[in-house]
Protein chains: 2
Amino acid sequence: MRKNAIGIVGGGGGMGRWFACFLAGRGYTVRISERDGGMPLPELAAACPVVVVAVPMAVTVEVIRKVGPLMKQESLLMDLTSLKEEPVREMLNATTAEVAGCHPLFGPDAPDLKGQNVVICPGRGESGKVWLREIMERNGARVVETTPERHDRIMSVVQGLTHLNTMAMGLAMETLGEDPAELERMSTPAFRAKQDLLEKVFGPSPRLYAELVTKNPSAREVIAAYGKAVAQLKRFVEEEDAEGLEKWLRRGV
Amino acid sequence: MRKNAIGIVGGGGGMGRWFACFLAGRGYTVRISERDGGMPLPELAAACPVVVVAVPMAVTVEVIRKVGPLMKQESLLMDLTSLKEEPVREMLNATTAEVAGCHPLFGPDAPDLKGQNVVICPGRGESGKVWLREIMERNGARVVETTPERHDRIMSVVQGLTHLNTMAMGLAMETLGEDPAELERMSTPAFRAKQDLLEKVFGPSPRLYAELVTKNPSAREVIAAYGKAVAQLKRFVEEEDAEGLEKWLRRGV
C-alpha cells in the first residue's frame, strides 16, 4: 500500500506537530485528529495508510485501543511514545495491521533530523517499518532497531537517570534557597549548562519528565542505584575525604 | 608600585598557565615558580610587584605561608583558589602587603575573558585590587566583588552542588552497568549534555572536583539538601506517582 497519506492522532502536541510539518514538507498529505477536533478517528483510519499515535503517555493505550481496530489491513499503526513495551504490546493486540514502535530521541525544538537518533521497535510486518526507516535515514537521522524491552532499559538511563539527576539538582537548590540572580552573577560554564537542563524539566510541561522518571519498568532500579551513589558521596563529604573521593572518581565511568 | 612584572607560583598548572599567557599577551613580564623549577620564591617575591598563587587547593595554605613573608611592602599577593575563606585569611596573616582573593569562574579551556565571570574578594589595600579589576574588565570579564564567606556560600551551589550532581549521575551509571556504546547510539541531546559534564569530572584531574565537593564550608548542608531531594524523588518513583511528581516539579526552581 502506498504511504501517501499520514494520519496523526494528537497532531497538535509538540512531537505530533513536528512530525506533521516534517512529513508535509516532504510531500505527504497529513491529516490530524485531536481530542478537540480535526478528523474523527474512523475517517482518519480509513483515509490514511499510516496512522501515527502522538498523544501524551498517559492516554496512549486508550487511543491505541480506539484506533487499532479501525485500521485497514496492510496499513501501518505506529506511535512516538518515549517508552515502548506497553505501546507496542497494545498496538499488536489492538490491530491486525502492520505495527512499528518509534521513539524520536529529540524534542520538538530540533530544526531537522540531521544527526538525531531515532529508535524503531519492529512490531509486525516489513513494508511499514522499511518505509519509516528510509524516510528517517534519508533525512539524516541515525536509526537504531531494537526490542521494546531493550529500548526501555536503555531509556531508564538515557532519559530516566538524566531527568532524575536534573530534578535532584533543582530540588536541592530550592532547599538551599540562594538568590538566583546572585547565582547567575557568579555562575560557571558547568553551572549554566545545568541551568539549561533545569529550565526544560522545571519548564511549562513537566509532565513528560515526571512520566519518564516514574513509569519506566526499570525506574525503581535506577532510583536505588542513584540513592546508593548519593549515600557514598555523603560519606566522603562528612569525612571531608577529598583524597578518597578522588580515588573513587578515578574508578568511575 | 607599577605592576609591570607578575610572578605566578604554580605557573605550570591549568589556571596558572592560562594567567601567564593572558598577562604575557598584554605586555607584562611574567615569571614562574614551580615545585620542580622556575624562579625560587625569594627571587620571585623580590622581582615582582604582584605574586599570584595558582597551586592546587591542597597546598595553597602552605605556599601562602612561604611566599607571604617574602613579599615587598606595597606589592600585591593574590590567589586563584576556588574557595576563598581560608586562602584570604592565610594571606592576610602571612604578609603585610596588599591582599586580594580572586576566583576566575571558568576553566583553562576558555579562549579569553569575554563574558566570563570573575570574583574578587578584597583583602587589604586598594591599588592592587583596582589594577586587578581593571585588567579583568578591560578584557571583557564580568567582575563581582564580595566577601570570602559569601563567595564560598554561593560556590557551595554553583560548584559544590553542580559537581556533586554530576558525580551522582556517573556513579549511578556505573552501578547500572549499561554499555556506553549502546547508550551513545540511543542518546538524546540532554543525555549528551550530561555526558560532556561527566567527562570533565571523571576526566584526568578529578582532584579539583573532589576538593570542591568536600572542602566547602557548606558542603554538609549541600549534601543534606541533596539527600532530601533524592529521598522525595524515591517516594514518587516507588509509588509510580507521575501526577504527584509533576505537581511538585511545578513548585520548584
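Q: How much accessible surface does chain A have?
A: Keep in mind that this is a predicted model, where local features need pLDDT of at least 70, side-chain atom pairs count only at pLDDT 80 or more, and totals for chains, interfaces and linings use all residues, while side-chain values use heavy atoms and leave out hydrogens and water. As for labels, residues are numbered from 1 along each chain as its sequence is written, and chains are lettered from A and ligands numbered from 1 in the order in which they are written. The areas come from the Shrake-Rupley method with a 1.4 Å probe, and for residues only the protein chains shown count as cover. Carbon and sulfur atoms own 51% of the surface of chain A, and the total is about 10400 Å².

Q: How many helices and strands does chain A have?
A: Both are DSSP runs numbered from the N terminus: helices (H or I) need at least four residues, strands (E) at least two. Counted that way, chain A comes to eleven helices and eight strands.

Q: What share of the residues in chain A is buried?
A: A residue is buried under 20% relative accessible area, exposed over 50%, and partly exposed in between, using a 1.4 Å probe and protein chains only. Chain A has 253 residues, and the buried share is 58%.

Q: Which strands and helix help cover the buried residues of H1(B)?
A: Helix H1 covers residues 14–24 of chain B, and its buried residues include Trp18(B), Phe19(B), Phe22(B) and Leu23(B). Cover is a matter of contact, meaning heavy atoms within 4.5 Å. Among the elements of chain B that provide it are strand E1 (5–9), strand E2 (29–34), strand E6 (98–104) and helix H5 (127–138).

Q: How are the two copies, chains A and B, related?
A: Superpose them by least squares on the C-alpha atoms of residues with pLDDT of at least 70 in both. Chain B then lands on chain A with an RMSD of 0.1 Å, after a turn of 180 degrees and a shift of 0.0 Å along the axis. So the copies are related as by a two-fold rotation axis.

Q: Which residue of chain B has the C-alpha nearest the axis?
A: That C-alpha is 3.4 Å from the axis. The residue is Asn165(B).

Q: Why can we say that the copies meet through the same surface?
A: Compare the interface residues of the two chains. The copies meet through the same surface because the share of chain B's interface residues that are also interface residues in chain A is 100%.

Q: Which residue of chain B forms a salt bridge with Arg150(A)?
A: A salt bridge puts a side-chain nitrogen of Lys or Arg within 4 Å of a carboxyl oxygen of Asp or Glu. Arg150(A), in helix H6 (residues 148–176) of chain A, pairs with a residue in helix H7 (residues 180–185) of chain B, so two chains are joined. Arg150(A) is partly exposed at 27%, whereas its partner is buried at 13%. The closest N and O atoms are 2.9 Å apart, and the partner is Glu182(B).

Q: Which residue meets Glu90(A) in a salt bridge?
A: Glu90(A) is buried, with a relative accessible area of 9%. Glu90(A) lies in helix H4 (residues 85–94), and its partner is in helix H3 (residues 60–67), 25 residues apart. The N to O distance is 2.9 Å, and the partner is Arg65(A).

Q: Which residues are linked with Arg133(A) in a network of salt bridges?
A: Arg133(A) is partly exposed at 24%. Its side chain meets that of Glu145(A) at 2.9 Å, N to O. That pair ties helix H5 (residues 127–138) to strand E8 (residues 142–145), so parts twelve residues apart in sequence are joined. The residues networked with Arg133(A) are Glu126(A), Lys129(A), Glu137(A) and Glu145(A).
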